[in-house]
Amino acid sequence: MNVECFGDIIKITLPTPFPVGDVNVFLIKGDRLTLVDAGVKTAASFEAFTSGLSEVGYTVDDVEQVILTHHHPDHIGLLDFLPEGIDIIGHPYCKKWLAKDDEFLQENFLFFRELFLQSGLPPEAEAVFGKIQSPLKFSSENSALTIAVQEGDQLPGLPDWRIFETPGHAQSHLAFFREKDGALVAGDHILATISSNPLLEPPLIPGTERPKPQLQYNHSLKKMMGFPVDIVYTGHGKEVRNIVPLITRRLERQHERAMSVKEMLQERPLTAFEVCMRLFPAVYKKETALTMSETVGQLDYLLDIGEAGAEQNDQGVLFYFPL
């Protein structure tokens, strides 16, 4: 069964081809029938979506607007199959990822190329840069962001819901909170059984300082601990209750991982890529984008808390050492 009803919130679970497994999308009955997120663009996902809609008495044409928690392919893929002309609402960062024009794809490629070479990835490994964009084949192709929203803005048709910016897993990440019943639609910000990967991404404005997603993610997690959240509707897996101990545990484990990285640096200064190979010896070649995001995130954290330093050599490669 891929449909669960929680009052005016309906969860439909859709398959994905990604290791994370199924993704959840949500219908919210308000002044407009709102879809939160849109799964991946596959036949199996669309079939599950239409079946789920039918089970609760709707069709695709009944959806009046879409709100995106973030821009990743498993959350925007089925936008192309929704009624033409409906509003697609999300963070301004989503705009480029929906358009995916050649200029942006080149900008994205060059960002990762420069960052990974600075991180010590050998030039002969350049083929990995192309793989970073391969998941985009499961993304929307013909949709555009029609309403850009940020924290403090109002959601059309859903006056009881507040928007919170929760960057970390994605630069575009938003969460939506309804105080009267403590409901939080959190996308991939808070998950029941796994910690979301804070992923490296280009800055919203080209040429500005790169985001530091691990630091952003920690801040975003702490931010949501301050609200009376009763239930979290997650992007993957089951709902979450009692978020404070869960978030506390996530933050503690991340700190422990960073301290293990600091121990690696005791031997000699290491590049981010050398740390990555030690952290993920079995998968760093296959999942370079994910493993390098994790590695750079831990190093950013060590720098931020004053437990490590960094210096560039003559070739522009960055080496890290403990303080």
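In this predicted model, helix H7 meets helix H9 through Gln254, His255, Arg257, Ala258, Met259, Val261, Lys262 and Leu265, which touch Glu294, Gln298, Leu299, Tyr301 and Leu302 of H9. Sorted by class, the residues of this H7–H9 contact comprise seven nonpolar, three polar and three charged. H7 covers residues 243-265, and its axis lies 9 Å from that of H9, at a packing angle of about 85°. Angles of 65 to 115 degrees count as roughly perpendicular, and H7 and H9 are therefore roughly perpendicular to each other.

Helix H9 also packs against helix H8. Here the axes of H8 (residues 272-279) and H9 (residues 288-304) approach to within 9 Å, crossing at roughly 115°. That angle makes H8 roughly perpendicular to H9. The crossing of H8 past H9 is right-handed. On the H8 side, the contact is formed by Ala272, Phe273, Val275, Cys276 and Leu279, while H9 contributes Thr291, Met292, Thr295, Val296 and Leu299. Eight of the residues in the H8–H9 contact are nonpolar and two are polar, with no charged residue among them. For readers following H9 in the structure, Leu299 is worth finding: this residue takes part in the contact with H7 and also in the contact with H8.

Turning to enclosed space, which residues line the largest cavity? The lining consists of Ile28, Val36, Ile67, Leu155, Leu158, Trp161, Phe176 and Val185. By class, these lining residues are eight nonpolar, with no polar and no charged residues. The volume of the largest cavity is about 30 Å³, and a search of the whole structure turns up one cavity of 30 Å³ or more.

The second largest pocket offers another picture. The space within this pocket amounts to about 270 Å³. Its lining draws on Glu107, Leu110, Phe111, Glu114, Leu115 and Gln118, together with Pro202, Pro203, Pro206, Gly207, Thr208 and Arg210. How does this lining divide by class, and how many of its residues are charged? Three are charged, three are polar and six are nonpolar. Glu107, Glu114 and Arg210 are among the residues lining this pocket, and Asp, Glu, Lys and Arg are the residue types that count as charged. Gly207 and Thr208 also belong to the lining, as does Gln118. In summary, charged residues occur in the lining of the second largest pocket and in the contact of H7 with H9, whereas the lining of the largest cavity has none, and neither does the contact of H8 with H9.

Note on methods:
Residues are numbered from 1 along each chain as its sequence is written. This is a predicted model: local features need pLDDT of at least 70, side-chain atom pairs count only at pLDDT 80 or more; totals for chains, interfaces and linings use all residues. Side-chain values use heavy atoms; hydrogens and water are left out. Axes are lines fitted to C-alpha atoms, for helices over the stretch in contact, and angles run from 0 to 180 degrees between N-to-C directions. Helices (H or I, at least four residues) and strands (E, at least two) are DSSP runs, numbered from the N terminus. Angles under 35 degrees count as roughly parallel, over 145 as roughly antiparallel, 65 to 115 as roughly perpendicular and the rest as oblique. A crossing is left-handed if the near helix is turned anticlockwise from the far one by less than a right angle, and right-handed if clockwise. Contact means heavy atoms within 4.5 Å. On a 1 Å grid over the protein atoms alone, a cavity is a set of points where a 1.4 Å probe fits but cannot get out, and a pocket is an open set with protein on both sides within 12 Å along at least five of seven lines; lining residues have an atom within 4 Å of a point. Grid points are joined across faces, edges and corners, and a volume is the space filled by probe spheres set on the points.
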